[in-house]
Amino acid sequence: MAAFIKNCFLFIAILKTGVISKNPPPIHSDVVSKLLQDYNPALLPQKSTNHTVYVAAGLALIHVDQLSETGVLSATAWLRIVWNDYRLVWNESDYGGVTVIRLDPKNIWLPDIEIYNTADPSQFSLASQYNTGANALIYPDGEVLYIPPVHLKVLCYNFTHSNWPQGEQQCNFKLGSWTHSGDILNLTLFNNKEEIDLSDFNPSSPWVITQQLGKVRNEKFYPCCEEPYQDLNFRFKLKPQYPMYDPFAVSRLLDQQSTVLSRLLVAAVIILLVVMVGVGGIAWLILKGRILWGHTGTVIGDKKRILREETYSQSMENFSS
């Protein structure tokens, strides 16, 4: 009994000294709870009707998977977007010196940046690929940096069928807000870079970028409206890094051969017609010459006969006299 009482006093003493205590929450817990309290991710971070949200966007190309015979390019890239959300601001000193937090993008507002020239919106729209596990980085001043890996499938501008698959081609990735004008969402270049970032491009890619054409940012006004609409059109040229398999090579070769044979046949027919016309003309000339010769011979013979008769008549008259 005495031992039991002793153990009870010892347990109470341990509780009072704090040896047994609850684990503290993660360092980001308070700031995340504060930021997401009453936060609505469906609402644009716009303070007033004349407040413009600036969104910078860019692309880092990782791999060009394929360029089909119909001009559809498939590629893997990192989309780079940065903007400021005034609702996600905190004071570092109030939250243990936290300088950055990482959140699931489903919990915050995301710009509705889309690929305008996508070949398959049902599978390869950007919005459908945003919630794939890549977190967004948020800084104390409200800046949000989001770099999700995306798969792009686009219709190439200025694709040349006659150059496929071995020749150089031109393609593009055209980015823009799907619903907002430039007065609400002003689209700019990520790090003011006019080109696709190729620093992480895979050297084993079957297609390589040979030239970037610049003049990426565009602003357009429509007759209906006063507000501008912006896009970022990354245009570039590319070519195969090694010989590409051409599934239409045999049929193309047969077409070329049939074309050559057709031309040869036409040329042979023309030559034959020329020969036939020439031979016929010569034969006609020869025949005409013979007819003329026969007629001329007849005339000459008649003249000779008349001359002989006249000579004979004169001779007979001379003899009679």
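## Ser 205

Ser 205 sits in the loop that runs between strand 9 and strand 10. This is a predicted model. Ser 205 counts as buried because its relative accessibility is 0%, and the cut-off for buried is under 20%. A polar atom of the Ser 205 side chain lies 2.7 Å from the backbone oxygen of Trp 207.

Ser 205 also has partners further off in sequence. Neighbours within four places aside, Ser 205 is in contact with His 63, Val 64 and Gln 241.

## The chain overall

The chain holds four helices and twelve strands. It has 321 residues, and 33% of them count as buried. Its accessible surface comes to about 20,600 Å². Carbon and sulfur atoms supply 59% of that surface.

Contacts often span long stretches of sequence. Take the contacts in the chain with a separation of 6 or more: 75% of them are between residues 24 or more positions apart.

## Strand 1 and its partners

Strand 1 covers residues 53-67. Twelve of its 15 residues are buried, so the strand is mostly covered. Strand 1 pairs with strand 2, residues 72-89, and the two run antiparallel. Ten bridges join them. Ala 60, for one, has Trp 78 in strand 2 as its bridge partner. Strand 1 and strand 2 form a hairpin, with four residues between them. Gly 71 lies in the turn and has a positive phi of about 85°.

Strand 1 also pairs with strand 9, residues 185-189. Here the strands run parallel, and five bridges join them. In strand 9, Leu 185 is the bridge partner of Val 53.

## Arg 80

Strand 2 includes Arg 80. Is Arg 80 buried or exposed? Arg 80 is buried, because its relative accessible area is 15% and the limit for buried is under 20%.

The side chain of Arg 80 makes a polar contact of 2.7 Å with the side chain of Asp 197. Asp 197 is also among the contacts of Arg 80 outside its neighbours within four places in sequence. That list includes Ala 56, Ala 57, Gly 58 and Ala 60, as well as Tyr 146, Ile 147, Phe 190 and Asp 200.

## The nonpolar core

The largest nonpolar core has 57 residues. Which of them touch the most other members? They are Leu 73, Ile 108 and Phe 173.

Leu 73 is in contact with Phe 173, leaving aside neighbours within four places in sequence. Counted in that way, the contacts of Leu 73 also include Val 64, Gln 66 and Leu 67, then Leu 152, Lys 153 and Val 154. Cys 156, Cys 171 and Leu 238 are further contacts of Leu 73.

## Disulfides

How many disulfides does a search of the whole structure find? The search finds two. With the bonded cysteines numbered in sequence order, the pairing is 1-2, 3-4.

One disulfide joins Cys 156 to Cys 171, with S to S at 2.0 Å. This pair links distant parts of the chain, 15 residues apart. Cys 156 lies in the loop between strand 7 (149-155) and strand 8 (169-177), and Cys 171 lies in strand 8. Both cysteines are buried. The link of Cys 156 and Cys 171 is left-handed, with -80° about the S-S bond.

The other disulfide joins Cys 224 to Cys 225, with S to S at 2.4 Å. This link is left-handed, with -80° about the S-S bond. Cys 224 is exposed, because its relative accessible area is 65% and the threshold for exposed is over 50%. Cys 225 counts as partly exposed, at 23% relative accessibility.

## Leu 213

Where is Leu 213 placed? Leu 213 lies in the loop between strand 10 (207-212) and strand 11 (217-220). Leu 213 has a relative accessible area of 23%, so this residue is partly exposed.

Leu 213 and Arg 235 are 22 residues apart in sequence. In space, they are 5.5 Å apart, C-alpha to C-alpha. Setting aside neighbours within four places in sequence, Leu 213 is in contact with Arg 235 and also with Gln 170, Phe 236 and Lys 237.

Definitions and conventions
Residues are numbered from 1 along each chain as its sequence is written. This is a predicted model: local features need pLDDT of at least 70, side-chain atom pairs count only at pLDDT 80 or more; totals for chains, interfaces and linings use all residues. Side-chain values use heavy atoms; hydrogens and water are left out. Buried means under 20% relative accessible area, exposed over 50%, partly exposed in between (1.4 Å probe, protein chains only). Two strands pair if DSSP finds at least two bridges between them. A polar contact is a pair of N or O atoms within 3.5 Å; within protein, one must be able to donate a hydrogen and the other to accept it, and residues adjacent in sequence count only if both atoms are side-chain atoms. Contact means heavy atoms within 4.5 Å. A disulfide is a pair of cysteine sulfur atoms within 2.5 Å. Accessible areas come from the Shrake-Rupley method with a 1.4 Å probe; for residues, only the protein chains shown count as cover. A nonpolar core is a set of buried Ala, Val, Leu, Ile, Met, Phe, Trp, Tyr and Cys residues joined through side-chain atoms within 4.5 Å.
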